[in-house]
Amino acid sequence: MINPKNKWRRYNSQLGICINEKCEKVITKYLIPNYQGQIQLVFTSPPFPLNRAKKYGNLTGEEYKVWLCDVVKSILPLLTEDGSIVIEIGNAWNSGEPTFSTLPMETLLHIKNECKLFLCQEFIYYNPARLPSPIQYVNIDRIRVKDSFTRVWWLSQSPNPKANNRNVLKQYSKQMKRILDTGEYNAGERPSEHNISETAFCNDNGGAIPSNVIIASNTNSRDPYLVRCKENGLKIHPARMPFEVPKFFINLLTDENDIVLDCFSGSNTTGFCAEKANRRWISIEADKNYYFGSKYRFK
Ligand SMILES: C[S@@+](CC[C@H](N)C(=O)[O-])C[C@H]1O[C@@H](n2cnc3c(N)ncnc32)[C@H](O)[C@@H]1O
C-alpha cells in the first residue's frame with residue numbers, strides 16, 4: 001500500500017497498512033488523494049453511541065448520527081462503482097431506564113438516506129455466548145432478557161454491487177447430504193407454495209447458501225492477539241468482532257487483491273481477515289493502545 005507522507009504511527013503487513021489516527025484526518029489527507037474509486041469494501045463497526053460519549057467527548061443522540069453520517073459521506077468517493085459499505089452498530093440502551101435506544105437504527109437509516117445509498121441486505125450478527133446485559137435489568141431486576149444480536153447493514157451506491165454467494169457456501173446439512181447421495185427427496189409443493197423440483201434439489205452446488213443471520217461467538221481464548229496483549233500488559237479490545245463476521249463479507253463482496261477499508265479498526269480483525277483472504281487492506285484506529293495491541297495479529 002502507499003505509505004502516508006504524514007508522520008502518523010503506522011505498521012505495514014504484506015498486504016495492508018494500519019494507521020493510528022482519527023479516521024476523519026486520514027480520509028482527507030491520505031485516502032482521498034491516493035485511493036479515489038479504488039476501495040471495494042468498507043467493513044466497519046463504529047464506536048457505539050453511548051460508549052463514544054464516555055471516551056471521545058459528548059457525541060450522543062443527534063450529534064452521533066450526524067458525525068457518523070459525515071464520516072460515511074467522506075468515504076463515498078473512495079469506493080469503486082460496484083463497491084459496498086458494511087456497517088455494524090452495537091446496541092444501546094437509554095440512560096437510566098430499561099428501554100432500548102433506537103439511535104443505532106436511526107443512524108443507519110439516516111446514513112442510507114443522506115448518502116443516497118441502497119440497502120442491499122440487512123444481516124443479524126447473533127452472538128450466543130454474549131454475556132447478559134444490561135446487567136441491571138437482566139440479572140438484577142430480571143425484567144429484560146439477554147441482548148445478543150446486532151444489526152449489520154450492507155449498503156451500496158449501486159443496487160447491484162459486486163457480490164457472489166458462491167464464495168460463502170456452508171457445509172450441507174446431514175439431511176441434504178443424504179438427499180444428494182440417495183437422490184430421494186419429497187418433491188412437490190410446500191406449504192409456503194415453493195415447488196421443490198428435482199433440478200433445484202438434487203444438484204450438488206458445493207454447499208448450502210447461507211442465510212442473513214451470522215452466528216458467531218468471541219470465545220477463542222487462545223487467539224495469539226489475546227495471549228500477546230496479556231503478556232505485554234496491553235488492554236484487550238472489549239468490542240472485538242469474531243473473525244466469522246468480516247470474513248463472511250470479505251468473501252461475499254470482494255475478490256483477491258481488492259482493497260478493504262476499516263476506519264474504526266479497533267483490534268484490526270478486519271485487516272487480519274483481509275490479509276488471510278489475500279485482499280489488500282487499510283485500517284485506521286484512533287486509540288494508541290488498541291492500535292499497538294492490533295500489531296500482534298501480524299507477528
Ligand atoms: C467497536 S470498535 C471496533 C472493533 C473492531 N471491529 C475489532 O474487531 O476490534 C470501534 C473503534 O473505533 C475507534 N474510534 C473511535 N473514534 C474513532 C475515530 N474518529 N477514528 C478512528 N477510530 C476511532 C475506537 O477506539 C474503537 O476501537
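Seven salt bridges are present in this structure, which is a predicted model. Three of them can be taken one by one, and a linked group follows.

Start with K65 and E62. Their closest N and O atoms lie 3.4 Å apart, and the two residues form a salt bridge. Both sit in helix α3, which covers residues 61-75. K65 and E62 are three residues apart there, so about one helical turn separates them. Is each partner buried or exposed? K65 has a relative accessible area of 12%, so K65 is buried. E62 reaches 51% relative accessibility and therefore counts as exposed. The cut-off for exposed is over 50%.

Helix α3 also takes part in a second salt bridge. Here the side chain of K73 meets that of E114, at 3.3 Å from N to O. This pair links distant parts of the chain: K73 belongs to helix α3, E114 belongs to helix α4 (residues 103-114), and their positions lie 41 residues apart in the numbering. How accessible are the two partners? E114 has a relative accessible area of 41%, so E114 is partly exposed. K73 has 36% and is therefore partly exposed.

The third salt bridge joins the side chains of R297 and D223, with an N to O distance of 3.4 Å. Again the pair links distant parts of the chain, with the residues 74 apart. R297 lies in the segment after α11 (288-295). D223 lies in the loop between β9 (213-215) and α8 (224-231). Are these two residues buried or exposed? R297 is buried because its relative accessible area is 8%. D223 is buried because its value is 10%. The cut-off for buried is under 20%.

Some salt bridges share partners. In this way K162, D255 and D258 are joined into one network.

Now turn to the strands. Strand β3 runs over residues 39-44 and is mostly covered. How many of its residues are buried? Six of the six are. Strand β3 pairs with strand β4 (residues 79-89). The two run parallel, and five bridges join them. Within this pairing, L41 has S84 in β4 as its bridge partner. Strand β3 also pairs with strand β10 (residues 259-262). That pairing is parallel too, over three bridges. Here V42 stands opposite L261 in β10. One general point helps in viewing these strands. In a regular strand, side chains alternate between the two faces of the sheet.

Finish at Y137. Where does this residue sit? Y137 is in helix α5, residues 135-140. Its relative accessibility is 13%, so Y137 counts as buried. What surrounds Y137, beyond its neighbours within four places in sequence? The contacts are W93, G96, E97, P98, R142, I143 and R144. E97 deserves a separate look. Y137 and E97 are 40 residues apart along the chain, and 8.9 Å separates their C-alpha atoms. The side chain of Y137 reaches the backbone nitrogen of E97 at 3.2 Å.

Definitions and conventions:
Residues are numbered from 1 along each chain as its sequence is written. This is a predicted model: local features need pLDDT of at least 70, side-chain atom pairs count only at pLDDT 80 or more; totals for chains, interfaces and linings use all residues. Side-chain values use heavy atoms; hydrogens and water are left out. Helices (H or I, at least four residues) and strands (E, at least two) are DSSP runs, numbered from the N terminus. Buried means under 20% relative accessible area, exposed over 50%, partly exposed in between (1.4 Å probe, protein chains only). Contact means heavy atoms within 4.5 Å. A polar contact is a pair of N or O atoms within 3.5 Å; within protein, one must be able to donate a hydrogen and the other to accept it, and residues adjacent in sequence count only if both atoms are side-chain atoms. Two strands pair if DSSP finds at least two bridges between them. A salt bridge is a side-chain nitrogen of Lys or Arg within 4 Å of a carboxyl oxygen of Asp or Glu.
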